[in-house]
Amino acid sequence: MKRKIKIILSLLLLFGSLGLTAQSNNPTIMQKLINKTLVLSWDNENDNYAYKQQYTSTQITKSVITNFGTTSVVADFYLSNQIETTFSYSKIGNATDGKYIISFIPEMDGESIFNVDEIIEITDTYLETKSLKSGSTFKFNIQ
């Protein structure tokens, strides 16, 4: 009887560890974002500019590329599972998953910019977000 219990416990531990291993192979939202270039998909192909974002674990570099050059701005950010109303520097880099991208640019043309974007869909090659400020939806191809 003790042997059967040991075998059953061993099997439960084995299946439990397999389940944990399978879960750890699923990339987090942060892993899907960092060290990749996200290119905004435009509805109008005649536009002569591109918009790109690049994420680290703590910052987003947002760039507009035109025939005249590139203009970039860096925003601090973190992921959250709830809508935030203020930016909390203590949360930067702490979460690897979340439904919202909370970003803050402390100084851009004389003003600070706080933004909350809801993640609608994210895969290894695609990101769709919705700005809670403007209500606009943005679709990015991830490279």
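1. Two aromatic rings from Phe, Tyr or Trp count as a pair if their centres lie within 6.5 Å. Keep that in mind for this predicted model, where ring pairs link Tyr78, Phe87, Tyr89 and Phe104 into a cluster. The structure holds six aromatic pairs in total.

2. Let's look inside that cluster. A pair of aromatic rings is described by how far apart the centres are and by the angle of the planes. For tyrosine 78 and phenylalanine 87, the centres are 5.0 Å apart and the planes make an angle of 50°, a tilted pair. Phenylalanine 87 also pairs with tyrosine 89: the centre distance is 5.0 Å, but here the planes stand at 80°, over the 60 degrees that edge-to-face needs, so this pair is edge-to-face.

3. Which of these rings are buried? Tyrosine 78 and phenylalanine 87 both are. Phenylalanine 87 has a relative accessibility of 15%, and because buried means under 20%, it makes the cut. Tyrosine 89 has a relative accessible area of 47%, so it is partly exposed.

4. Now step back to the whole chain. You can count two helices and eight strands, and going along the sequence the order is α-α-β-β-β-β-β-β-β-β. The chain has 143 residues, and 30% of them count as buried. It exposes about 9,500 Å², with carbon and sulfur atoms supplying 53% of that area. Take the contacts with a separation of 6 or more: 30% of them are between residues 24 or more positions apart.

5. On to the cores. In soluble globular proteins, nonpolar side chains tend to be buried together. The largest nonpolar core here has 16 residues, and Leu33, Leu79, Ile101 and Leu127 touch the most other members. Two or more residues come from each of α2 (29–33), β1 (37–40), β2 (49–55), β4 (69–80), β6 (111–122) and β8 (137–142). Helix α2 gives the most, with three residues. There is also a second, separate core of seven residues, and Tyr78, Ile102, Phe104 and Val116 are among them. Notice that Tyr78 and Phe104 turned up in the ring cluster too.

6. Leucine 33 is a good residue to click on. What is it in contact with, leaving aside its neighbours within four places in sequence? The list is Leu38, Tyr55, Leu79, Ile101, Ile122 and Leu127. Three of the names there, Leu79, Ile101 and Leu127, share with Leu33 the distinction of touching the most other members of the largest core.

7. There is empty space to look at as well. Rolling a probe the size of a water molecule over the atoms shows where such space is left. The largest pocket has a volume of about 540 Å³. It is lined by 25 residues, and those closest to its centre are Tyr51, Gln53, Lys62, Ile105 and Asn115. At least two lining residues come from each of β2, β3 (59–66), β4, β5 (100–108), β6, β7 (126–131) and β8.

8. Last stop: threonine 71, which sits in strand β4. Is it buried or exposed? Its relative accessibility is 56%, so threonine 71 counts as exposed. Leaving aside neighbours within four places in sequence, threonine 71 is in contact with Lys62, Ser63 and Val64. Lys62 is one of the residues closest to the centre of the largest pocket. Tyrosine 51 is another of these, and its C-alpha atom is 9.8 Å from that of threonine 71, with the two residues 20 apart along the chain.

Definitions and conventions: Residues numbered from 1 in each chain as written. Predicted model: local features only at pLDDT ≥ 70, side-chain atom pairs only at ≥ 80, totals over all residues. Heavy atoms only, no water. Core = buried A, V, L, I, M, F, W, Y, C linked by side-chain atoms within 4.5 Å. Buried < 20%, exposed > 50% of the residue type's maximum accessible area, 1.4 Å probe, protein only. Helix = DSSP H or I, 4+ residues; strand = E, 2+ residues; numbered from the N terminus. Contact = heavy atoms within 4.5 Å. Areas by Shrake-Rupley, 256 points an atom, 1.4 Å probe, with all protein chains shown as cover. Phe/Tyr/Trp six-rings, centres within 6.5 Å; stacked < 30°, edge-to-face > 60°. 1 Å grid on protein atoms, 1.4 Å probe; cavity = no way out; pocket = protein on both sides within 12 Å on 5 of 7 lines; lining within 4 Å. Points joined across faces, edges and corners; volume = space filled by probe spheres on them.
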